[in-house]
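User: Please take a close look at the salt bridges and explain them step by step to a first-year student. Afterwards, please set them against the rest of the chain.

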Amino acid sequence: MSIKPVFVSTYPPRECGIATFTQDLVNAIEKYNDVKYCYVIALSKDKHIYDNRVLYDINQDKFSNYVKAVNLINMSDIDVVVIEHEYGIFGGEDGDYIVPFVKLIRKPIITTFHTVLKNPTAKQFEILKKLADASYKVITMAKTTKEILMDVYDVEEEKIEVVHHGVPYMELEDKEILKKKYNLDGKKVISTFGLISPGKGLEYAIQAMDRVRKEFEDAVYLILGQTHPNIKRIKGEEYRDKLVNMVRELKLEDNVVFVDKYLTKREIMEYLRLSDIYLTPYIGREQAVSGTLAYAIGSGKAIVSTPYTYAQEMLSDGRGMLVEFEDAYSIADAIITLLKDENLRKEIERRTAEVGKEMYWHNVAKRMIDIFYDVVELNKKVGVIA
């Protein structure tokens, strides 16, 4: 039996973490014979040229587009609809266009929740609750989020599946060779990658580097990635300019380097490979998943992070160092500790790598295919009862 899924999600070339996630997932799924081809209903704000997977392009702010997409799904031979949910990628208040959209779909639905808020607004609660009710299965990427889904949103435990955020596996050159390639030989490298926005807390990491460089003159902090397109559209480069000015005022030009480009997957993996420490100084306490942190875990890095929801779970059992929110001193202290104690750093890397292996995309894809089969069978049983 071959299953035909369609994913409702942002999708490259749109620059968005969920777009990249979806592309990676469907690439991995298609390597198994159980699924010959994955389709995509793409969500966009601007016009993009998509690959052949994309059946339809929804302008996220036009409700009529959602109705057309539903008709296309319902008239097709698609077996299962997979919704990648994040409040900001759907139209309406808090993305509430998704609610009537799922109500009209006559195929079984699986929803992956990329954000699960412990203290939602009434509207956010309503959207997630109705999405969960409309879904045969809901997927979350952390056990802590599963508990929130059950306790806050009253989602039945048997409906929830915990599936790791996938990470790529690549054969890469040695760390020191890559440092030379990127003109970082002899440096102690700390890095953060991803689309830049104020919620990333990078100003605290920069302030921390003022203290780190007093102990390690050869330490370099790489801020890898462009400004998030939604932020750029509204506020331009206001946040990046603030960070650049901070570096200049602290005279940290030799210790903080901006790589202002949208990185290829290979570049991301090479930068992670050459890094001695990976840092996520995020200020959002309820962040349920972080693709960048998942990539760092998959790469077996020693990680320093603020204790947002996903980091608390993934860095438990000695897999990293948690620091205080919005606290440059705490961040600096952890970085200095790891740079001074190579044995500690290597032990953290070993523990992180063990979990990282479970997160490779081929393992995640296999779990998803098993869930597809379960949902298709559940749908058949419901049809017989009806």
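Analyst: The structure holds 35 salt bridges, where a salt bridge is a side-chain nitrogen of Lys or Arg within 4 Å of a carboxyl oxygen of Asp or Glu. The idea behind the term is that side chains of opposite charge can pair when their charged atoms come close. This is a predicted model, in which local features need pLDDT of at least 70 and side-chain atom pairs count only at pLDDT 80 or more, while totals for chains, interfaces and linings use all residues. Residues are numbered from 1 along each chain as its sequence is written, and side-chain values use heavy atoms, with hydrogens and water left out.

A helix offers a good place to begin. The side chains of glutamate 347 and arginine 350 form a salt bridge, with N and O 2.7 Å apart. Because these two residues are 3 apart in helix H14 (residues 342-358), about one helical turn separates them; helices here are DSSP runs of H or I with at least four residues, strands are runs of E with at least two, and both are numbered from the N terminus. Arginine 350 is partly exposed, with a relative accessible area of 42%, and glutamate 347 is partly exposed too, at 28%. In this vocabulary, buried means under 20% relative accessible area, exposed means over 50%, and partly exposed lies in between (1.4 Å probe, protein chains only).

The next pair is glutamate 156 with lysine 159, whose side chains meet in a salt bridge at 3.9 Å from N to O. Glutamate 156 counts as partly exposed because its relative accessible area is 35%, whereas lysine 159, with 12%, counts as buried.

A further salt bridge joins glutamate 161 and arginine 367, the closest N and O atoms being 3.7 Å apart. This pair links distant parts of the chain, since glutamate 161 belongs to strand E7 and arginine 367 to helix H15 (residues 361-385), with their positions 206 residues apart in sequence. Glutamate 161 is buried, at a relative accessible area of 16%, while arginine 367 is partly exposed, at 31%.

Salt bridges can also be joined into a network, and one such network links Asp96, Lys123, Glu126 and Lys130.

For a contrast with these charged pairs, consider isoleucine 206, which sits in helix H7 (residues 202-215) and counts as buried because its relative accessibility is 0%. Leaving aside neighbours within four places in sequence, isoleucine 206 is in contact (heavy atoms within 4.5 Å) with residues including Tyr221, Leu243, Met246 and Phe258. Leucine 243 lies 37 residues away from isoleucine 206 along the chain, yet their C-alpha atoms are separated by 7.8 Å.

Two loop residues show another side of the model. Aspartate 154, in the loop between helix H5 (143-151) and strand E7 (160-162), has a positive phi near 55° although it is not glycine, and it is exposed, with a relative accessible area of 56%. Asparagine 183, in the loop between helix H6 (175-181) and strand E8 (188-193), likewise has a positive phi, near 60°, and counts as exposed at 66% relative accessibility.

How do these details fit into the chain as a whole? The protein chain has 15 helices and 13 strands, and 54% of its 386 residues count as buried. Along its principal axes, the C-alpha trace spans about 70 × 40 × 40 Å. Among contacts between residues at least 6 apart in sequence, 73% join residues at least 24 apart, and the salt bridge between glutamate 161 and arginine 367, 206 residues apart, is one example of a link between distant parts.

Finally, the UniProt record, an unreviewed entry, places "domain: Glycosyltransferase subfamily 4-like N-terminal" at residues 56-167 and lists "domain: Glycosyl transferase family" for residues 174-352; these positions are given in the numbering used here, feature names are shortened, and annotations may be inferred rather than shown by experiment. Residues 56-167 are 37% helix and 20% strand, with end C-alpha atoms 27 Å apart, whereas residues 174-352 are 49% helix and 14% strand, with end C-alpha atoms 18 Å apart.
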